[in-house]
Each structure stands twice: as C-alpha cells, then as structure tokens.
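Welcome, and thanks for opening the viewer. Let us walk through this model together, one selection at a time.

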Amino acid sequence: MERFIITEDGSHSLFSAQFKQQYHSLQGALNESEHIYINLGLRPVLENASGPVHVFEMGFGTGLNAFLAWKLADSLQKQVFYNSVEAYPVSPLEASQLNYEEATGETGFMQLHNAPWGKETAISPFFHLQKEITALQDFTSERFFDVVFYDAFDPRAQPELWTAEIFTKIAAQTRRGGVLVTYSSKGIVKRALTAGGFKVERHKGPGRKTHVLKAIRI
C-alpha cells in the first residue's frame, strides 16, 4: 500500500515507498495536473482538432491525468484515444480512497481503474482508454500520438526514464508537431528531449513551481 497524502489544494495524492517520491506536487495534485497536462498539453490540441486526438501517458499512476482528459473530451465533444503505461499499478482499493470526484465535481473516476488492462475500453462516447502493465522500454504501438503526458517519477528516482534514448523512442511514435509536456524542467531533461528530436519550451509552472516543459516534435 502507498502512503496517502493530502496536498495543499485539498486534492489527494500518494507517496511511493519504493521510489520515495510523491505522485504529485505537494502544492496541489489537481492544480498540477490541470496546469501542465490539460491546459498546457491537451486542451490547445483538442480545441483545434478536426479529428480524433491520440494521447500517450507515461505513468498512469493515480489516474488523475486520465480522469481530467476524459472530462475535457466529453465537455468539448472531441474524440480522445488515450494510451497509458504503468509498471507499478495503484490498486483499486487505493484509488477508491482518492477524492478526485469531490475535488473536480465530476463522476465516474473508478471506471478508469476498473477498466481491464491490455484492452481498449470505451469509457464514454468520446474517450477510449487502453492501459498497459509494462515498462516504457517495452511498450510499442501502431499509433502516432498527438500529445504525450510524461509523468514518470523524478530523474533522481528513475534516471533510466529521462534519457535521450527514451525520448528518441517516444519521438518515433509522436507525430511531427505533436507536443510532450512534463513537470520536470531540469537541464538533463531539456538536453535529453532536444537530443531525442524535440524543440523544448520552458513555461511557468503551477503554484510556486518556477518552470515546466513543453516540447514540440520536430
């Protein structure tokens, strides 16, 4: 069982005993996800999309990013096909204790955790989810992604997931002009993204966090 955390905006998170890392910013799990992954990453793409948008998420985690993406897809009535990988899944029992429905005013959160692994599931008419229990290094897909949510644990905890080789792999499955967003703005991450085939932009972070990254596939 992961340790339960209440973040500064009142939304919940978890602490990984294995990696000694929290799943979200302690300043606010919901604020972080909305700021980086939705408003900086998915929303601009989805609002301008004329067809389905394909999203890849590294690190399904608590499912908060997927939950917000689903609700945005429904509100805009735009098709989203959402692929996510997770090597260390959160249990449904742990997920059921998270307050994301209360924090967002939305419903259906546990549909994401109850959906089967390894199979595409229609969560709503506008949101299709396929999550895989696998390491990113072993993930393959025939799809090209429009948006990448890169939400691995910090480079200190998982250095193997923040390398030029990893971002080259992701770039190969991201359409040209597609975007990758991540909370980490460390120099090693910017250099690895650039070497992997992305043009890196630095943006203001949520709350007291100074910067986050948005990278464009070139």
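Start by selecting His-128. Which residues touch it, apart from neighbours within four places in sequence? His-128 is in contact with Gln-79, Val-80, Phe-81, Tyr-82, Glu-120, Thr-121 and Ala-122. His-128 belongs to strand S7, which covers residues 127–132. Its relative accessibility is 18%, so His-128 counts as buried. Keep in mind as you go that this is a predicted model.

**Next stop: aromatic rings**

Now show the aromatic side chains. How many aromatic pairs does a search of the whole structure find? The search gives 17. Pick out Tyr-23 and Phe-153 among them: their rings meet edge-to-face, 5.2 Å centre to centre, with 80 degrees between the planes. Tyr-23 sits in the loop between strand S3 (21–22) and helix H1 (29–47), and Phe-153 in the loop between strand S8 (145–150) and helix H6 (164–172), so this pair ties together parts that are 130 residues apart in sequence. Tyr-23 is buried, at 13% relative accessibility, and Phe-153 is buried with a relative accessible area of 13%.

Then select Tyr-82 and Phe-127, a tilted pair at 5.4 Å centre to centre and 45 degrees between the planes. Because Tyr-82 lies in strand S5 (residues 80–85) and Phe-127 in strand S7, the pair ties together parts that are 45 residues apart in sequence. Are these two buried or exposed? Tyr-82 is buried, at 0% relative accessibility, and Phe-127 is buried at 0% as well. Add Tyr-37, Phe-67, Trp-70, Tyr-100, Phe-109 and Phe-149 to your selection, and you will see the cluster that ring pairs build with Tyr-82 and Phe-127.

**Charges over rings**

Two more rings are worth a click. Over the ring of Phe-15 you will find the charged end of Arg-3, 4.6 Å from the ring centre. Over the face of Trp-117 lies Lys-131, at 4.5 Å from the ring centre.

**A stop in strand S11**

Move on to Val-212, in strand S11 (residues 211–217). Val-212 is buried, at 0% relative accessibility. Setting aside neighbours within four places in sequence, its contacts include Ile-36, Leu-40, Tyr-183 and His-203. Try a C-alpha to C-alpha distance to Lys-186: the two residues are 26 apart in sequence and 8.9 Å apart in space.

**Pockets and a cavity**

Switch to a surface view. The largest pocket holds about 800 Å³ of space. Which of its 42 lining residues are closest to its centre? Select Gln-22, Ala-152, Phe-153, Asp-154 and Tyr-183 to find them. Elements that give two or more residues to this lining are S3, H1, strand S4 (53–58) and helix H2 (64–76). By class, the lining has 15 nonpolar, 18 polar and nine charged residues.

The second largest pocket has a volume of about 170 Å³. Its lining is made of Glu-34, Ile-38, Asn-39, Arg-43, Leu-68, Lys-71, Leu-72, Ser-75, Thr-104 and Glu-106. H1 and H2 are the elements that give two or more residues to it. Three of the lining residues are nonpolar, three polar and four charged.

For the last stop, look for the one cavity of 30 Å³ or more. The largest cavity contains about 50 Å³ of space. Select Phe-56, Leu-136, Phe-139, Phe-145, Lys-169, Ile-170, Gln-173 and Thr-174 to show its lining, which divides into five nonpolar, two polar and one charged.

How values were computed:
Residues numbered from 1 in each chain as written. Predicted model: local features only at pLDDT ≥ 70, side-chain atom pairs only at ≥ 80, totals over all residues. Heavy atoms only, no water. Helix = DSSP H or I, 4+ residues; strand = E, 2+ residues; numbered from the N terminus. Buried < 20%, exposed > 50% of the residue type's maximum accessible area, 1.4 Å probe, protein only. Contact = heavy atoms within 4.5 Å. Phe/Tyr/Trp six-rings, centres within 6.5 Å; stacked < 30°, edge-to-face > 60°. Lys NZ or Arg CZ within 6 Å of the ring centre and 35° of its normal. 1 Å grid on protein atoms, 1.4 Å probe; cavity = no way out; pocket = protein on both sides within 12 Å on 5 of 7 lines; lining within 4 Å. Points joined across faces, edges and corners; volume = space filled by probe spheres on them. Nonpolar A, V, L, I, M, F, W, Y, C, P; charged D, E, K, R; others polar.
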